[in-house]
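Please open the model in your viewer and keep the sequence panel visible beside it. The tour below proceeds by selection, one place at a time.

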Amino acid sequence: AALEQQERTVPFEQAAWESVAARAGRRPTTTRDLRHYVRRMLRVEGFAQRPLRAMTVGQCRDLLHAAFGHSAHSYRKGRAILHSIFAYGMRREWCDANPVARIETPAVQERTIEPLSQEAVARLNETAQGRRFRDMRFSLSLLLYSGVRPAEVERLNAEDVCWEERQVIIRPQKSKTGGGRVVPLRLLPGLRRQDCHVPRN
């Protein structure tokens, strides 16, 4: 019985999809990314039906290079997802070790982000005054003056804006990092409720 338990495993494909299913409660964009990266790994010939327990460090490295070797960003993300598949497999006792832990993560190349010039900000604000772009004024103000990320602005709806308290609530499920926060609207110049358009669910 002990030997049988030690040899228990599943194909890599099954482990990958079950690990995705175990995270079904994540944001839709996160789930979409997981599925996309898993599909790319499964397209690499010879890996889908390989027993999870039998996969070596070298094979995992080959898989990552074949699926994501063209991009350091994709490689880092693919490595993180492959690592999570083996971590899930260990919890299910489909394998005893995580070979991906022995694969180095490519170093992140930090790039300087240049802020918009005052002239560029002025042009954006001027454009938003026109009738065609008036509904974008609120989103533009959040992006320019409050530090709210573009994807977070996209996920906002009317229930997240409290005009009485002059604040926007970035809820955990809508934030990039999974942590909620409150953004004051008092820092947004010339912003009036009647001028702002926020989608309603």
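Begin by selecting α5, which gives the most to the lining of the second largest pocket, with 4 residues. The model in view is a predicted one. Next, add α3 (28-42) to the selection: α3 and α5 each supply at least two residues of this lining. To display the whole lining of the second largest pocket, select Arg23, Arg26, Thr30, Asp33, Leu34, Lys77, Ala80, Ile81 and Ser84. Colour these residues by class, and the lining divides into 3 nonpolar, 2 polar and 4 charged residues. The volume of this second largest pocket is about 230 Å³.

Proceed now to Pro106, in the loop between α5 (72-91) and α6 (118-128). Is Pro106 buried or exposed? Pro106 counts as partly exposed because its relative accessibility is 25%, and the partly exposed class lies between under 20% (buried) and over 50% (exposed). Select Tyr75 and Arg76 as well: leaving aside neighbours within four places in sequence, Pro106 is in contact with both residues. Although Pro106 and Arg76 are 30 residues apart along the chain, their C-alpha atoms are separated by 6.5 Å.

The next stop concerns aromatic rings. The model has 3 aromatic pairs. Select Tyr88 and Trp94, which form an edge-to-face pair, with 5.8 Å centre to centre and 70° between the planes. Both Tyr88 and Trp94 are buried.

Finally, select two arginine residues with their rings. Arg40 lies over the face of Tyr37, at 5.5 Å from the ring centre. Arg50 lies over the face of Phe47, at 4.4 Å from the ring centre.

Terms used:
Residues are numbered from 1 along each chain as its sequence is written. This is a predicted model: local features need pLDDT of at least 70, side-chain atom pairs count only at pLDDT 80 or more; totals for chains, interfaces and linings use all residues. Side-chain values use heavy atoms; hydrogens and water are left out. Rings of Phe, Tyr and Trp (its six-membered ring) pair if their centres lie within 6.5 Å; planes under 30 degrees apart count as stacked, over 60 as edge-to-face and the rest as tilted. Buried means under 20% relative accessible area, exposed over 50%, partly exposed in between (1.4 Å probe, protein chains only). A charge sits over a ring if NZ of Lys or CZ of Arg is within 6 Å of the ring centre and within 35 degrees of the ring normal. Contact means heavy atoms within 4.5 Å. On a 1 Å grid over the protein atoms alone, a cavity is a set of points where a 1.4 Å probe fits but cannot get out, and a pocket is an open set with protein on both sides within 12 Å along at least five of seven lines; lining residues have an atom within 4 Å of a point. Grid points are joined across faces, edges and corners, and a volume is the space filled by probe spheres set on the points. Ala, Val, Leu, Ile, Met, Phe, Trp, Tyr, Cys and Pro count as nonpolar, Asp, Glu, Lys and Arg as charged, and the others, Gly among them, as polar.
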